[in-house]
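Q: I'm new to this structure and would love a close look at one part of it. Could you walk me through the pocket, and then show me how charged side chains pair up elsewhere?

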Amino acid sequence: MKKELLILIACAVMANAGFIKEGMDAKENGDHQKLVEIYDKACNEGKASGCYNLGVLYAEGTGNVTKDYAKAVKLYEKACSADFASACYNLGFLYESGNGVKQDFAQAVKLYEKACAQDEGCTNLGLLYANGAGVQQDYAKAAEFYKKACKNEDLMGCNNLGFLHAQGRGVPLDNKKANEYYQKACDGGIAMGCDNLGFMYALGKGSVQDYKKASQFYEKACNSGYDKGCNNLGILYAEGKGVSVDNTKAKELFKSSCDKGLKESCENAQLLEKITK
């Protein structure tokens, strides 16, 4: 899945210590203009982390700068050319999404590969291989990159690897292993992982069928803002599986997800309305 752009302040190189402290102080004090000046100066002095952080400000339109993807692209390019992995990752994201540059999945692959070599962006690279975007579809390679991501605590990679095991794509079909990866993702706050784990318990795949556990995982996903989790929890309330029948609660869950654009929840809400009239 696409990872949000994040401001990271690299502190591995001692030579950057002064600019890092200045940047942190300016950020804490809410002095956005000073922050931009610090990052700009650092970038001009050849500090890749300065270019990267300034690029993030332009990409997000924060720090009192106007959002400007084109400027972000140039700054990320400068940092990436200096092997700053986070910049390569974010630049790959812009090529994948077509923000500030013409959408180019092949270029995104190259940038993600460079980032993944330093343990960043491996999940995104795996997704491109799974979807055959910019490269020939290859689930085995996707699994390889998801596994690397998961090992490095990029927990969406764990979730995606679980999905491949549940489907038997690029890896052996193994529902038990799928659940282990979903559990790791869920424990780490990946709402989709919780929803997927709930689905597996609801169907009894990789475990004994357990609607109560399914409802708990759906609820966790829903509470984390994952609309499909709310929809699935609504179904359990409507059917009285793992929870007591509660059509009012089910309608609330369906409506909440429907209002956020989940079509299946809108359909479920209409169906439940007809049934309960």
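A: Let's start with the largest pocket, which has a volume of about 440 Å³. Its lining is made up of 23 residues, and the ones closest to the centre are Phe 199, Met 200, Leu 203, Tyr 218 and Asn 232. Keep in mind that you're looking at a predicted model.

Where does the lining come from? Five helices each supply at least two residues of it: α9 (155-167), α10 (175-187), α11 (191-203), α12 (211-223) and α13 (227-239). As for chemistry, the lining divides into 11 nonpolar residues, six polar ones and six charged ones.

Now for the charged pairs. Side chains of opposite charge can pair when their charged atoms come close. A search of the whole structure turns up nine salt bridges, and a few of them are worth a stop.

Take Asp 227 and Lys 260, a salt bridge whose closest N and O atoms are 3.8 Å apart. Asp 227 lies in helix α13, while Lys 260 is in the loop between α14 (247-259) and α15 (263-275), so this pair ties together parts that are 33 residues apart in sequence. Helix α13 is also one of the helices that supply the pocket lining. The two partners are not alike in accessibility: Asp 227 counts as buried, at 18% relative accessibility, whereas Lys 260 counts as exposed, at 54%.

Another pair to find is Lys 114 with Asp 83, whose side chains meet in a salt bridge at 3.4 Å, N to O. Here Lys 114 lies in helix α6 (residues 105-116) and Asp 83 in the loop between α4 (69-81) and α5 (85-97), so the pair ties together parts that are 31 residues apart in sequence. Lys 114 counts as partly exposed at 31% relative accessibility, and Asp 83 counts as partly exposed too, at 45%.

Last stop: Glu 45 and Lys 47. Their salt bridge has its closest N and O atoms 3.0 Å apart. Glu 45 is partly exposed, with 47% relative accessibility, but Lys 47 is buried, because its relative accessible area is 17% and the cut-off for buried is under 20%. This pair doesn't stand alone, either: salt bridges that share partners join Lys 41, Glu 45 and Lys 47 into one network.

Notes:
Residues numbered from 1 in each chain as written. Predicted model: local features only at pLDDT ≥ 70, side-chain atom pairs only at ≥ 80, totals over all residues. Heavy atoms only, no water. 1 Å grid on protein atoms, 1.4 Å probe; cavity = no way out; pocket = protein on both sides within 12 Å on 5 of 7 lines; lining within 4 Å. Points joined across faces, edges and corners; volume = space filled by probe spheres on them. Helix = DSSP H or I, 4+ residues; strand = E, 2+ residues; numbered from the N terminus. Nonpolar A, V, L, I, M, F, W, Y, C, P; charged D, E, K, R; others polar. Salt bridge = Lys/Arg side-chain N within 4 Å of Asp/Glu carboxyl O. Buried < 20%, exposed > 50% of the residue type's maximum accessible area, 1.4 Å probe, protein only.
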